[in-house]
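I opened my notebook to jot down what I looked up in this one. Here is the structure I had on screen.

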Amino acid sequence: MTLTDLAARLELKVFTAGIPLDKPVLGGYASDLLSDVIGHGRKGDVWVTMQVHPNIVAVAVLKDLAGIVLVNGREPAPETLEQAAREKVPLLGTRSGAFDLVGRLYGLGVKGS
Amino acid sequence: MALRRLRADLHIHTCLSPCGELTMSPRAIIEMARASGLDLIAVTDHNTTENAGAVIQAAAGTGLAVLPGIELTTAEEVHILGLFDAATDLRPFQADVFRNLPDVPSKMKFVDDQVIVDADDYVTGFSPRCLFGATLFSVQATVDLIHGHGGLAIACHIDRESFSIISQLGFIPPGLDLEAVEVSPRLAPDAARAAFGPFDPLPIVRFSDAHKPEEIGSATTDFLVAGPGLAEIRLALAGEAGRKVILA
């Protein structure tokens, strides 16, 4: 499963046009506390959050996450988008809330630890 | 100019904060602050400065200095303390905050009455706003707003697991020009230095975040300054002109 597959099947919006979505998604993590993601996120996770602060990109790089999906129709802050482009971190989005999105991810075989 | 060591607790809520006890009236706060040996306090309610003037007025002539302040909740749910000069007209600042505070009815069971009072402890009104809610300001916008009104911006209780810039954002965003970071009373000064020394050169301060009278002064920071005004506190936080912060 790659982000390309997830984006197509869950109709996710892709904010970072031009950044490859072909990294394998190895699992998932959902949290709005970046300290928690630093502690518990794993390499290859797709991260579901509503935080849009630029620090989310740094956390994704630090933990080598597959990408970030913003929920509730949240748009990344302009600096977040710039930083994501620079660091090549895929940023996606959905109008769904975290609960629904995680449920659908799980249904597609994306699991937590 | 002769410098002296002032003991300060610059994070105190009043009865206006949804989580502040009704007993946190201007006179009670001043009485407790003086009994605790404090020279300087700041009134920092959640997202509002509406009770600060009453406390400043009530403290006149007591020897206790009072700064107006606020504990702003950012869009990321980070608490940032804003401290201002007592002479600043904070009405435009407050109007900006309220325009950016989503209007959610605050009639929730766990929220106490949000009481606006005068300098004689008389109730003059109740805030209908969801003062505990998050504003629409990002952390950066919050710091910019505070600076725009001549204030000092301090990241609150960075050792806590909620509403701290570290819990919410993992680390302090580079380039965010805070004047200091605050630790809660739970963290002793030595432990604070050990944990957050790496943030040097940002000074560490330690305040009570009092919501009840008995908590006032439960954590304090000393400032070696020429007087209790905001300009002196700014110098001390910057370590300039011989002024300094003493965390003890």
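These are my entries, chain A to start with, then the contact between the chains, then chain B.

Entry on the sheet in chain A. I kept in mind that this is a predicted model. I looked up the strand order and got β1-β5-β4-β3-β2, an open sheet of five strands with mixed pairing. Its edges are β1 (13-14) and β2 (27-30) of chain A, and each of them pairs on one side only. Then I checked β4 (residues 67-70) against β5 (residues 91-93) in chain A: they run parallel and three bridges join them. A:Ile68 sits opposite A:Leu91 there.

Entry on where the chains meet. I found 10 residues of chain A in contact with 10 residues of chain B. On the chain A side, α2 (34-40) and α3 (55-62) each give at least two residues, and α2(A) has the largest share, with three. I also sorted that side of chain A by type: six nonpolar, four polar and no charged.

Entry on β3 in chain B. Which strands does β3(B) pair with, and in which sense? I noted β2 (residues 40-46) of chain B as a parallel partner, over seven bridges, and β4 (residues 79-83) of chain B as an antiparallel one, over five. B:Gly69 shows both: it stands opposite B:Thr44, and its bridge partner in β4(B) is B:Leu83. I saw that eight of the nine residues of β3(B) (65-73) are buried.

Entry on the connections. From β2(B), the path through helix α2 (residues 52-59) of chain B to β3(B) makes a right-handed β-α-β unit. β3(B) and β4(B) form a hairpin with five residues between them, and B:Glu77 in the turn has a positive phi of about 65°.

Key:
Residues are numbered from 1 along each chain as its sequence is written. Chains are lettered from A and ligands numbered from 1 in the order in which they are written. This is a predicted model: local features need pLDDT of at least 70, side-chain atom pairs count only at pLDDT 80 or more; totals for chains, interfaces and linings use all residues. Two strands pair if DSSP finds at least two bridges between them. Helices (H or I, at least four residues) and strands (E, at least two) are DSSP runs, numbered from the N terminus. Two residues are in contact if their C-beta atoms, placed from the backbone, lie within 7 Å. Ala, Val, Leu, Ile, Met, Phe, Trp, Tyr, Cys and Pro count as nonpolar, Asp, Glu, Lys and Arg as charged, and the others, Gly among them, as polar. A residue is buried if 20 or more other C-beta atoms lie within 10 Å of its own, exposed if 12 or fewer, and partly exposed in between; C-beta atoms are placed from the backbone. A crossover is right-handed if, with the strands pointing away from the viewer, the path from the first strand over the helix to the second runs clockwise.
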